[in-house]
Amino acid sequence: MTRRRRILVLLICCMSLLIVSLDNTIVNVALPSLGHDLHAPVSGLQWTVDAYTLTLASLLMLAGSTADRVGRRRTFQTGLVIFTAGSLLCSLAPSLGWLVAARIVQAVGGSMLNPVAMSIITNTFTDRRERAQAIGVWGGVVGVSMALGPVVGGLLTDAVNWRAIFWINVPIGLLALFLTWRYVPESKAPSARGIDPAGQILVIVLLGTLTYGIIEGPAAGPAVSAVCFAVAAAALVALVVCELRRPEPLIDMRFFRSAPFSGAAVMAVAGFAGLGAFLFLNTLYLQSNRGLSALAAGLCTLPVAVTTTIVGPLSGRLVGTRGPRVPLIVAGVCLTSAGALLSQVTLTTPLPLLLGIYLVFGVGFGMLNPPITNTAVSGMPLAQAGVAAAVASTSRQVGQSLGVAIAGSVVSGSVVSGSVVSNAVVSGAAANGAFVPAAHSAFRVNALYGLIVLAVALLTTGRWARATAERTAARLSESPQVTLSRG
């Protein structure tokens with residue numbers, strides 16, 4: 001394959017990452033508008049976001065192993081078709097229930113894009129230097145999507161309506177589908193992982209019941225929450241037992257004997273829970289309470305996106321020269337500080353001060369993301385690195401889902417009436433400032449996420465942690481399993 005064609009393959013894969021990542025951020029800025037049109041309560045807005053991220057989290061590893069078995073280009077094309085069709089269905093949704101269902105369809109397609117695209121890139125760029133450069137471009141697209149998502153979403157929502165944020169995916173998806181058919185070669189893994197249906201079902205039950213209990217608990221009552229949490233706990237125990245007994249598990253539980261790997265998973269969940277809660281709460285605060293337009297609210301989040309894009313490469317350089325501890329400590333401190341500061345904002349907080357707080361959050365998140373994958377694969381055998389990275393990616397999606405679920409539930413279940421807060425969101429009114437004091441509690445939870453990142457970073461980046469990673473790598477090398485290719 002010529003260099004020109006390899007670059008074209010990279011651009012096609014980056015197109016898929018862009019539209020999937022955009023849908024993680026572009027929807028948030030349109031929540032007040034679609035909530036008003038579809039008469040959605042806070043819990044309905046939560047499901048609009050979480051239906052997408054939960055489905056992605058549940059199916060990422062299955063999609064990767066399926067692509068290795070049946071063909072990466074075939075799986076990638078199937079994902080583009082399903083994602084594009086799901087986007088069209090979202091734009092036509094007549095009610096909240098239909099929108100949530102269409103978001104699930106979108107995410108089923110999205111789960112076949114990102115991990116499979118990374119596998120295509122890995123197999124296309126065989127030279128290590130070219131591969132590193134390609135992965136660097138791939139990672140930069142995440143920052144671009146964070147920057148573009150709120151701005152493009154706000155522009156489309158203000159200029160047309162919230163349905164336009166899904167229309168944009170259709171032409172991009174169709175173009176990517178044609179280019180994939182024309183230029184991307186087919187490839188398969190020489191030995192692909194087997195399908196683990198029991199593990200896959202248990203993961204879906206675990207994430208689904210846990211999220212349902214958190215989101216619907218304030219309205220449904222403690223009994224419903226207790227049942228959901230009990231089912232989630234039982235599913236977790238069953239998942240661990242099942243995966244330990246399978247020769248080719250969906251999630252290799254032996255990885256968690258490595259303290260850096262376990263720490264990376266916990267920090268990914270905590271850090272991305274903070275991101276999910278931040279995006280969800282701030283769009284409601286800026287639009288429904290401060291009266292900003294969707295575009296203005298999107299522009300207000302630019303400090304987070306720009307700072308993340310700038311700080312991310314710096315964090316990666318620090319990881320390469322001094323290890324992951326320094327950037328992770330900076331991340332924990334900044335995320336904690338941002339959460340604590342946001343818990344003090346009011347309807348009259350000066351906008352420059354608010355943007356300064358967003359800047360602090362952006363520094364924390366930018367410092368956090370690069371070390372997560374590095375820490376997850378630290379000390380792992382090369383053949384296992386792809387699976388470890390996939391688990392870290394799944395942890396990110398799980399964290400974002402839980403962050404939105406917990407933030408919305410804290411707001412709805414606060415001392416302020418949940419119905420008052422919901423009506424404020426739906427009507428676009430401040431409802432006598434009811435939302436802001438309710439959001440303060442949720443931002444304090446964000447500060448807790450930062451403390452978790454800080455504590456786990458200190459615990460899992462020292463000499464003892466490295467020793468556990470070395471022992472785990474040795475055991476994995478002695479009894480290797482068939483593994484998912486990188487991505």
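The lining of the second largest pocket draws its largest share, 6 residues, from α11. This is a predicted model, in which local features need pLDDT of at least 70 and side-chain atom pairs count only at pLDDT 80 or more, while totals for chains, interfaces and linings use all residues. Numbering starts from 1 along each chain as its sequence is written, and side-chain values use heavy atoms, with hydrogens and water left out. Helices (H or I, at least four residues) are DSSP runs numbered from the N terminus.

Back to that pocket: its volume comes out at about 600 Å³. Of its 26 lining residues, Leu206, Leu207, Leu236, Ser395 and Val398 are the closest to the centre. At least two lining residues each come from α3, α10 (197-220), α11 (222-245), α12 and α17 (382-412). By class, the lining has 22 nonpolar, 4 polar and no charged residues; here Ala, Val, Leu, Ile, Met, Phe, Trp, Tyr, Cys and Pro count as nonpolar, Asp, Glu, Lys and Arg as charged, and the others, Gly among them, as polar. A pocket is an open set of points on a 1 Å grid over the protein atoms alone, with protein on both sides within 12 Å along at least five of seven lines, and lining residues have an atom within 4 Å of a point.

On the enclosed side, the structure holds 4 cavities of 30 Å³ or more, a cavity being a set of grid points where a 1.4 Å probe fits but cannot get out. About 90 Å³ of space lies in the largest one, a volume being the space filled by probe spheres set on points joined across faces, edges and corners. Residues lining this largest cavity include Thr25, Asn28, Pro150, Asn282 and Thr301. Two or more lining residues apiece are given by α1, α12 (259-289) and α13 (294-300), and α12 has the largest share with 4. The class split is 5 nonpolar, 6 polar and no charged residues.

Turning to helix packing, α3 (residues 42-70) and α5 (residues 96-111) meet at an angle of about 25°, with their axes 8 Å apart; axes are lines fitted to C-alpha atoms over the stretch in contact, and angles run from 0 to 180 degrees between N-to-C directions. The two helices are therefore roughly parallel, a label for angles under 35 degrees, with over 145 counting as roughly antiparallel. Their crossing is right-handed, that is, the near helix is turned clockwise from the far one by less than a right angle, whereas anticlockwise would be left-handed. Trp47, Tyr52 and Leu59 are among the α3 residues that meet α5, whose own side includes Leu99, Arg103 and Val108; contact means heavy atoms within 4.5 Å. This contact has 14 nonpolar, 6 polar and 1 charged residues.

α5 also packs on α4 (residues 72-92), with axes that come within 7 Å and cross at roughly 160°. That pair is therefore roughly antiparallel, in a left-handed crossing. Ile82, Phe83 and Leu89 are among the α4 residues in contact, and the α5 side includes Leu99, Arg103 and Val108. The classes here are 8 nonpolar, 6 polar and 1 charged.

Finally, α1 (residues 3-29) and α6 (residues 114-124) pack at about 165°, with axes 10 Å apart. They are therefore roughly antiparallel, and α1 passes α6 in a left-handed crossing.

Note on methods. Angles under 35 degrees count as roughly parallel, over 145 as roughly antiparallel, 65 to 115 as roughly perpendicular and the rest as oblique.
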